[in-house]
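The exercises below are meant to be worked with the sequence and the coordinates open side by side. Please try each task before reading its solution.

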Amino acid sequence: MSNPMVITAAMVGAETTREQTPYLPITAEEIAEDAVKCREAGAAMVHLHVRTPDGKPSQDTELFRAAIRAIRKRTDILIQVSTGGAVGMGVDERCGGLRLTGEDRPDMATLTTGTVNFGDEVFWNPRPLVRDIARRIKALGLRPEFECFDVGMVDEARALAKEGVADLPGHFDFVLGVPGALTAREDALDFMIKSLPEGSTWTVAGVGRHQLPFVELAAERGGNARVGLEDNIYVSKGVLAKGNWELVAEAAKRAKAKGRTLATPQEARKLLRLDAV
């Protein structure tokens, strides 16, 4: 296929712990070192959460600043900040990464467009909150990645565009396999692709054991893929990935086997229209 595949490394997340895997990066330096390896393995972008020194999830602006500076000191990989944070966080806390401007401004930010069951908890995204975050992303001059756990969230992106708080065509991330949300199935992925606004791009993030198989499905369909310790800690059954970079390397291998080249950060910026705000 002619379009290069954008691989995003979801490096940290808010759920994975050091008890589950000792390879989870927590400090700015650890995140940056892993990001360099992810770039070398074929990733064009990192999806970034941050943690406090003791490993607790945080959306603190200064922690984002430290991580972004550490990454950019070492590599040209694109940086996408999460506005989801952790379940239970309020909107101002979730938007810590959107307070960064100038040289520290991220390249992109996520925007989850609906409420969803998240395991035994609820990832709460009522419409007023979603619109609040959408306005903040737009005010910073960034394009959102519409993070969709179900197909109705694709339709909600259309509503945001109609109201003028987001723009289409856009870039979408289908997060499939979260317990309580849409299952990671091939037909579910195809349905979401068919539901996209015309001209939009998409990434798929399969959760757990679905992560790497869905890289192959994305490669076959001309899409992009997200891998990393946020969503999956195993590079094969029972074998812990030794860092995000190892999952990126495996994703790159599978994408190339399907005939796809890998996007550089510069190519990803163009493909995702990051400068067309």
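What follows is a set of four exercises on a predicted model, each with a worked solution.

**Exercise 1. Helix H4**

Task: Check whether the span of helix H4 agrees with its number of residues, and then determine which residues of H4 are buried and what covers them.

Solution: Begin with the length, for which H4 offers 13 residues, 127–139. The expected span is 1.5 Å times one less than the number of residues, so the helix should span 18 Å, and because its end C-alpha atoms are 18 Å apart, the two values agree. Next, apply the cut-off for burial, which is under 20% relative accessible area; the buried residues of H4 are then Leu 129, Val 130, Arg 131, Ile 133, Ala 134 and Ile 137. The cover over these buried residues includes two helices, H3 (91–94) and H5 (152–163), together with strands S6 (108–112) and S9 (144–148). Finally, look just past the end of H4, where Gly 141 adopts a positive phi of about 80°.

**Exercise 2. The cavity**

Task: Find how many cavities of 30 Å³ or more the whole structure holds, and describe the lining of the largest cavity.

Solution: The search of the whole structure returns one cavity of 30 Å³ or more. The largest cavity has a volume of about 80 Å³, and among the ten residues that line it, those closest to its centre are Leu 142, Arg 143, Pro 144, Ala 166 and Asp 167. Helix H4 from the previous exercise returns here, since the largest share of this lining, three residues, comes from H4. Sorted by class, the lining of the largest cavity comprises seven nonpolar and three charged residues, with no polar ones.

**Exercise 3. Two pockets**

Task: Give the volume of the largest pocket and of the second largest pocket, and describe the lining of each by class.

Solution: Take the largest pocket first, for which the volume is about 530 Å³. Its lining has 29 residues, of which Glu 15, Phe 118, Val 178, Glu 230 and Asp 231 are the closest to its centre; by class, twelve residues of the lining are nonpolar, twelve polar and five charged. Turn then to the second largest pocket, which holds about 160 Å³ of space. Its lining includes Arg 209, Gln 211, Tyr 234, Lys 237 and Arg 254, and both helix H7 (211–221) and strand S13 (234–236) supply at least two residues to it. This second lining divides into four nonpolar, five polar and three charged residues.

**Exercise 4. Aromatic pairs**

Task: Count the aromatic pairs, and classify the pair of Phe 118 and Phe 149 and the pair of Phe 174 and Trp 202.

Solution: The count comes to five aromatic pairs. For Phe 118 and Phe 149, the ring centres are 6.2 Å apart and the planes stand at 70°, so this pair is edge-to-face. Phe 118 belongs to strand S7 (residues 116–118) and Phe 149 to the loop between S9 and H5, so that the pair links distant parts of the chain, 31 residues apart. Phe 118 is partly exposed because its relative accessibility is 23%, whereas Phe 149, at 3%, counts as buried. For Phe 174 and Trp 202, the centres are 5.9 Å apart and the planes lie at 20°, so this pair is stacked. Both rings belong to buried residues, with Phe 174 at 0% relative accessibility and Trp 202 at 6%. As a last step, follow the ring pairs onward, which link Phe 118, Phe 123 and Phe 149 into a cluster.

How values were computed:
Residues are numbered from 1 along each chain as its sequence is written. This is a predicted model: local features need pLDDT of at least 70, side-chain atom pairs count only at pLDDT 80 or more; totals for chains, interfaces and linings use all residues. Side-chain values use heavy atoms; hydrogens and water are left out. Helices (H or I, at least four residues) and strands (E, at least two) are DSSP runs, numbered from the N terminus. Buried means under 20% relative accessible area, exposed over 50%, partly exposed in between (1.4 Å probe, protein chains only). Contact means heavy atoms within 4.5 Å. On a 1 Å grid over the protein atoms alone, a cavity is a set of points where a 1.4 Å probe fits but cannot get out, and a pocket is an open set with protein on both sides within 12 Å along at least five of seven lines; lining residues have an atom within 4 Å of a point. Grid points are joined across faces, edges and corners, and a volume is the space filled by probe spheres set on the points. Ala, Val, Leu, Ile, Met, Phe, Trp, Tyr, Cys and Pro count as nonpolar, Asp, Glu, Lys and Arg as charged, and the others, Gly among them, as polar. Rings of Phe, Tyr and Trp (its six-membered ring) pair if their centres lie within 6.5 Å; planes under 30 degrees apart count as stacked, over 60 as edge-to-face and the rest as tilted.
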